Amino acid sequence: MRRLKKRAEFMRVARGIRVGRSYFSLQATAVAAADEPGLGFTVTKQMGNSPERNRIRRRLKAASLACAVGFKPQHDYVLVGRRDALYVPFDKLVGELAGALSKINSRMPTDAV
RNA sequence: CCAGUUGACCGGGUGACCGCUGCGCCUUCGGGCGGGGAGGAAAGUCCGGGCUCCAUCGAAAUACGGUGACGGCUAACGGCCGCCGGGGGCGACCCCAGGGAAAGUGCCACAGAAAAUAUACCGCCUGCCUUCGGGCCGGUAAGGUUGAAAAGGUGCGGUAAGAGCGCACCGCGGACCCGGCGACGGGGACGGCAUGGCAAACCCCACCGGGAGCAAGACCAAAUAGGGGCGGCGCGGGGGCAACCCCACCCGAUUUCGAGGGAAGUCGUCCGGGUUGGUUGCAUGAGGGUAUCCGCAAGGGUGCUCCAAGAUGAAUGGUCACCACGUCUGCGUCUUCGGGCGCGGGCCCUACAGAACCCGGCUUACAGGUCAACUGGCGAC
RNA sequence: CGGGGUGUAGCGCAGCCUGGUAGCGCAUUUGUCUGGGGGACAAAGGGUCGCAGGUUCAAAUCCUGUCACUCCGA
């Protein structure tokens, strides 16, 4: 799994399609040049102070590792954390992420490259 | 036992599975193994330094900013320790920007006669006048009124009425003496009531401060044309055959002096091009622990010993189980009726909070808990 | 990393420098004008001056600490 780091990559994914959940928001777009899927995290300052932001990002990271098969190659994903991701039980977070992934992959246009 | 004060400290533990980071070793270059991996505040960024650059940063003055009893500690500080003075508390103890108001300027609302060179509204008193209501000249400040604050206080004498006018006590100033390194404390001849408050008002005095900050700075790689236009100031003068010397100009808030440097231009503005990587700085330091000596203490000397995170869309974790702690509750038991102990169940399954060049402080946040010393009260002996 | 600004009535702002009375506009309530609404006029109510200390006789104002929001530069 490739980690998104540049601002330009986040801006490109933000122009793609989007699926919202109460614990996070998932954005995705198709990228032709990449063989393995790319994943980035966004937790804004309004979600809390820095230990809470770190914990949201780490829990989302662990949840995305649990359902890694949902991330398709030649696609970039961005997880935007929400504050409820701090307290929700972990298996529920994984289930929501798997559902969001299947929904966003089905809505992805197959010829869009 | 209850209430409290001060200081110091901890701030989850164990196991399993799955991960991250950098170090060492191995490697079939896929990776594997071993050991390391957040804090007391890492926070706020309020002070002080180290370090780096500004070519170089020395002295004095001005401006600006900061600090403010005294003695010490410290690399330094606005920090800390001790002590003095003032205030609070029954006490342990706590709090204080705590220099100067006879250097000058200013302010003190409303009320009040008067708010600072004292003054005289109601009053009191002598004298004169009177239409008997009072009025005028003068003396006086005891009493009244206002206010946060009223020009020493109380008593006696004194007087026309009064007044430090005189005396006693208290307060105030105070030569000088004694104690202390000092701030200051104790005594006090004598003076004769004088300097009301505000400087976190302007200000004066003393002391301190060159500026910017690790995105500082250095190197490598890649790319590029390290480019062009406009404007300002310069590229000067004298001596000497020459090297060079002197004068003038410019050099980081301003001025002057000194030292050194610049003229291979520099500054401002506009247009255009390339990059958005890596290494270093970067973790051995005013470092921690311990023993001993000096010091009331802050702290310092010496010996021994230890090496303890290094990320960069930013690692140091995620999940589960058990235990401990806490809290709520049921039953049993004991009770000095506050509660304690044992067993079971539920909840939280932890507070504040995440290193970003590094140190010394300050300030602020913090569930719960531990220890020590001391104070007040109650009870028993 | 460095440097500013703001916080006052439900909303938007004065007042702060130079300390003594907290005010303006819109909004709210009531009344009058109108057959009613709108509108106009008149009156009224409403503020721990972000929070905590300190200086002062007296603090929205001065000083210190702190919290929140916001802007600028690198």
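Of the 25 residues in the largest nonpolar core, which touch the most other members? They are F24, L26, Y77 and L79. A nonpolar core is here a set of buried Ala, Val, Leu, Ile, Met, Phe, Trp, Tyr and Cys residues joined through side-chain atoms within 4.5 Å. Buried means under 20% relative accessible area, exposed over 50%, and partly exposed in between, with a 1.4 Å probe and protein chains only. The model is predicted, so local features need pLDDT of at least 70 and side-chain atom pairs count only at pLDDT 80 or more, while totals for chains, interfaces and linings use all residues. Residues are numbered from 1 along each chain as its sequence is written, chains are lettered from A and ligands numbered from 1 in the order in which they are written, and side-chain values use heavy atoms, with hydrogens and water left out.

The elements that give two or more residues to the core around F24, L26, Y77 and L79 are β3, β4, α2, β5 (75-81) and α3 (90-107). Helix α3 supplies the largest share of this core, six residues. Helices (H or I, at least four residues) and strands (E, at least two) are DSSP runs, numbered from the N terminus.

We can turn next to the sheet. Five strands form an open sheet with mixed pairing, in the order β1-β4-β5-β3-β2. The edge strands, each pairing on one side only, are β1 (2-3) and β2. Two strands count as paired if DSSP finds at least two bridges between them. In general, strands of a sheet pair through backbone hydrogen bonds, either parallel or antiparallel.

Beginning at the β1 edge, β1 and β4 pair in the parallel sense over two bridges, and R3 has L39 of β4 as its bridge partner. Strands β4 and β5 are also parallel, with five bridges; here G38 is partnered by D76 of β5. Between β3 and β5 the pairing is antiparallel and runs over seven bridges, with Q27 standing opposite V78 in β5. At the other edge, β2 (residues 17-20) and β3 (residues 24-30) pair in the antiparallel sense over four bridges. A hairpin of three residues joins β2 to β3, and V19 has L26 in β3 as its bridge partner.

Strand β5 is mostly covered, with six of its seven residues buried. D76, which lies in β5, is buried at 1% relative accessibility. The side chain of D76 reaches the backbone nitrogen of G38 at 3.4 Å. This is a polar contact, that is, a pair of N or O atoms within 3.5 Å; within protein, one must be able to donate a hydrogen and the other to accept it, and residues adjacent in sequence count only if both atoms are side-chain atoms. In the loop between α2 and β5 sits Q74, a residue other than glycine whose phi is positive, near 60 degrees. Q74 is partly exposed, at 37% relative accessibility.

The structure holds one aromatic pair. F71 and Y77 meet edge-to-face, at 4.9 Å centre to centre and with 85 degrees between the planes. Rings of Phe, Tyr and Trp (its six-membered ring) pair if their centres lie within 6.5 Å; planes under 30 degrees apart count as stacked, over 60 as edge-to-face and the rest as tilted. F71 is buried, with a relative accessible area of 4%, and Y77 is buried at 0%.

The RNA side of the model comes last. RNA strand B is surrounded by 18 residues, of which the closest are R3, K5, P51, R58 and R59; a residue is near a strand if one of its heavy atoms lies within 4 Å of it. Of the RNA atoms within 4 Å of the protein, 64% belong to sugar or phosphate and the rest to bases. A phosphate oxygen of RNA strand B is 2.7 Å from an N or O atom in the side chain of R59, and one is 2.9 Å from an N or O atom in the side chain of R57. For L4, a polar backbone atom is 3.0 Å from a sugar or linking oxygen of RNA strand B. The elements giving two or more residues to the surface near this strand are α1 (7-14), β4 (38-42) and α2 (50-66). Helix α2 gives the most, with eight residues. The residues of this surface divide into six nonpolar, four polar and eight charged. For this count, Ala, Val, Leu, Ile, Met, Phe, Trp, Tyr, Cys and Pro are nonpolar, Asp, Glu, Lys and Arg are charged, and the others, Gly among them, are polar.
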